[in-house]
Amino acid sequence: MARHDAKAYAESLRLLRGARNAMERLGLLTSDMPEERLRDVLLVALNAYFEGQSTGETLNGKGKTDILIRVGDRNVSISECKFYTGPKSVTDALDQLLRYTDNGGRRTPLLMF
């Protein structure tokens, strides 16, 4: 199980990097998008691979995480999306992300725009 989860997590990071790179190249289309729309674009990329197992604004831990990838009954990735507005935005986002983890949440990327 752990090896499968690690492989799925690595694949999710590969997909997120590819989607991020595509959004940067298409800056005219994405530059005015709010955080929620950017997250939805990322979910499209993730769900193409994970076949609908990636959800947005999903309850987990003590709140709603922006992106949750759940395979079976295991959380493969718990992600938070934020706009970078300075160092404090990173600290605040990490604090928020850690509230969404549970005892099985070890893979928690913070996605900064």
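**Exercise 1. Work out which element gives the largest share of the lining of the largest pocket, and what else lines it.**

Step 1. Start with the share: helix 1 supplies six residues, the largest share of the lining of the largest pocket. Helices (H or I, at least four residues) and strands (E, at least two) are DSSP runs, numbered from the N terminus. A pocket, on a 1 Å grid over the protein atoms alone, is an open set of points where a 1.4 Å probe fits, with protein on both sides within 12 Å along at least five of seven lines; lining residues have an atom within 4 Å of a point.

Step 2. Now the whole lining: 14 residues, of which Arg20, Met23, Glu24, Met112 and Phe113 lie nearest the centre of the largest pocket. Helix 1, helix 3 and strand 4 are the elements that give two or more residues to this lining.

Step 3. Finish with the volume, which is about 300 Å³; that is the space filled by probe spheres set on the points, with grid points joined across faces, edges and corners.

Before you go on, keep in mind that this is a predicted model: local features need pLDDT of at least 70, side-chain atom pairs count only at pLDDT 80 or more, and totals for chains, interfaces and linings use all residues. Residues are numbered from 1 along each chain as its sequence is written, and side-chain values use heavy atoms, with hydrogens and water left out.

**Exercise 2. Lay out the sheet: give the strand order, the edges and the pairing.**

Step 1. Four strands make an open sheet in the order 1-2-3-4, with mixed pairing. Two strands pair if DSSP finds at least two bridges between them.

Step 2. Find the edges: strand 1 (54-60) and strand 4 (110-112) each pair on one side only. On average, neighbouring strands of this sheet are turned by 40° against each other, direction ignored.

Step 3. Take the antiparallel part. Strand 1 and strand 2 pair that way over six bridges, and Leu59 sits opposite Lys64 in strand 2. These two strands form a hairpin with two residues between them, and Gly61 in the turn has a positive phi of about 60°.

Step 4. Take the parallel part. Strand 3 (residues 74-82) pairs with strand 4 in the parallel sense over three bridges, and Cys81 stands opposite Leu111 in strand 4.

Step 5. Add the helix on top of this picture: helix 4 (residues 87-100) lies across strand 1, strand 2 (63-71), strand 3 and strand 4, running at about 155° to strand 3. Axes are lines fitted to C-alpha atoms, for helices over the stretch in contact, and angles run from 0 to 180 degrees between N-to-C directions.

**Exercise 3. Describe the largest nonpolar core and trace what Val76 touches.**

Step 1. Count the core: 17 residues, and those with the most contacts inside it are Leu42, Leu46, Phe50, Ile67, Ile69, Val76 and Leu111. A nonpolar core is a set of buried Ala, Val, Leu, Ile, Met, Phe, Trp, Tyr and Cys residues joined through side-chain atoms within 4.5 Å.

Step 2. Assign the elements: helix 1 (2-25), helix 3 (35-50), strand 2 and strand 3 each give two or more residues to this core. Helix 1 provides the largest share, six residues.

Step 3. Follow Val76, which touches Asp5, Ala8, Tyr9, Ile69, Arg70, Val71 and Arg107, not counting residues up to four places away in sequence. Contact means heavy atoms within 4.5 Å.

**Exercise 4. Is Tyr9 buried or exposed, and which residues does it touch?**

Step 1. Tyr9 lies in helix 1.

Step 2. Tyr9 counts as buried because its relative accessible area is 18%. The cut-offs are under 20% for buried, over 50% for exposed, and partly exposed in between (1.4 Å probe, protein chains only).

Step 3. Leaving out residues up to four places away in sequence, Tyr9 touches Val76, Ser77, Arg107, Thr108 and Pro109. Tyr9 and Thr108 are 99 residues apart in sequence and 9.5 Å apart in space, C-alpha to C-alpha.

**Exercise 5. Place Glu51 and Glu57, and say how exposed each one is.**

Step 1. Glu51 is in the loop between helix 3 and strand 1. Glu51 isn't a glycine, yet has a positive phi of about 50°; at 69% relative accessibility, Glu51 counts as exposed.

Step 2. Glu57 lies in strand 1. Glu57 also has a positive phi of about 50° without being a glycine, and counts as partly exposed at 39% relative accessibility.
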